[in-house]
Amino acid sequence: MRDPRWDPADSVKCRQVWEAYQEAHDLSERHGQTAGIDPKSGRIWFGESMEDVVEQRAAEGLKSPIFFERVGHATYFLKGGRR
C-alpha cells in the first residue's frame with residue numbers, strides 16, 4: 001500500500017537531489033553507507049543503515065517519509081533467489 005504522504009514526484013525530486021549531491025561531493029569515504037533524502041527540504045542524512053538514519057531524524061523530531069540510497073551502489077537492495 002502506498003503512503004499517502006509520498007507522491008511519485010517525491011521520488012523524482014530525491015533522485016535529482018542525490019545526483020546533484022554526488023556531483024558536488026567526494027563520497028569515497030562513505031561507500032556502502034545509507035543516505036536518507038528528504039524530498040521537501042533536500043537535506044541528506046548518512047548512516048550505517050536505514051535504521052541509523054531514521055534514528056538520527058527521530059532525534060531531531062522528524063518523522064516524515066524519506067528516500068534511501070546506498071552510496072556507491074546502483075540500487076539500495078536486491079533480493080536474491082534461492083539456488
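This report walks through the fold, core, aromatic pairs and strands of a predicted model.

## The overall layout

Let's start with the big picture. The protein chain has two helices and three strands, and reading along the sequence gives you the order α-β-β-α-β.

The chain has 83 residues, and 33% of them count as buried. About 6,100 Å² of the protein chain is exposed, with carbon and sulfur atoms supplying 52% of that area. If you take the contacts with a separation of 6 or more, 50% of them are between residues 24 or more positions apart.

## What sits in the core

The largest nonpolar core holds 11 residues: W6, C14, V17, W18, L27, A35, I37, I44, F46, F67 and V71. Three elements give two or more residues to this core, namely α1 (8-24), β1 (34-37) and β2 (44-47). Helix α1 gives the most, with three residues. As background, nonpolar side chains in soluble globular proteins tend to be buried together.

I44 is a handy residue to click on if you want to look around in here. Setting aside neighbours within four places in sequence, I44 is in contact with V17, W18, Y21, A35, G36 and I37.

## Aromatic pairs

Searching the whole structure turns up four aromatic pairs. One of them is W6 with F67: the ring centres are 6.5 Å apart and the planes sit at 10°, so this pair is stacked. W6 belongs to the segment before α1, while F67 is in strand β3 (residues 67-70), so the pair ties together parts that are 61 residues apart in sequence. Both W6 and F67 are buried.

Then there is W18 with Y21, where the ring centres are 6.1 Å apart and the planes are at 5°, so these two are stacked as well. Both of these residues lie in helix α1, three residues apart, which is about one turn of the helix. How buried or exposed is each of them? W18 has 6% relative accessibility, and that is under the 20% cut-off, so W18 counts as buried. Y21 comes in at 23%, between the 20% and 50% cut-offs, so Y21 counts as partly exposed. Add F46 and you have one aromatic cluster made of W18, Y21 and F46.

## Arginines over rings

Two arginines are worth a look here. R30 lies over the face of F46, at 4.1 Å from the ring centre. R57 lies over the face of W45, and here the distance from the ring centre is 4.7 Å.

## The β1-β2 hairpin

Now for the strands. β1 and β2 run antiparallel and are joined by four bridges. I37 has I44 as its bridge partner in β2, and I37 is also on the list of residues in contact with I44. Together β1 and β2 form a hairpin with six residues between them. In the turn, G42 has a positive phi of about 80°.

Which residues of β2 are buried on each side? I44 and F46 are buried on one side, W45 and G47 are buried on the other, and both faces of β2 are covered. To link this back to earlier sections, I44 and F46 are among the residues of the largest nonpolar core, F46 is the ring with R30 over its face, and W45 is the ring with R57 over its face.

Definitions and conventions: Residues are numbered from 1 along each chain as its sequence is written. This is a predicted model: local features need pLDDT of at least 70, side-chain atom pairs count only at pLDDT 80 or more; totals for chains, interfaces and linings use all residues. Side-chain values use heavy atoms; hydrogens and water are left out. Buried means under 20% relative accessible area, exposed over 50%, partly exposed in between (1.4 Å probe, protein chains only). Contact means heavy atoms within 4.5 Å. Accessible areas come from the Shrake-Rupley method with a 1.4 Å probe; for residues, only the protein chains shown count as cover. A nonpolar core is a set of buried Ala, Val, Leu, Ile, Met, Phe, Trp, Tyr and Cys residues joined through side-chain atoms within 4.5 Å. Rings of Phe, Tyr and Trp (its six-membered ring) pair if their centres lie within 6.5 Å; planes under 30 degrees apart count as stacked, over 60 as edge-to-face and the rest as tilted. A charge sits over a ring if NZ of Lys or CZ of Arg is within 6 Å of the ring centre and within 35 degrees of the ring normal. Two strands pair if DSSP finds at least two bridges between them.
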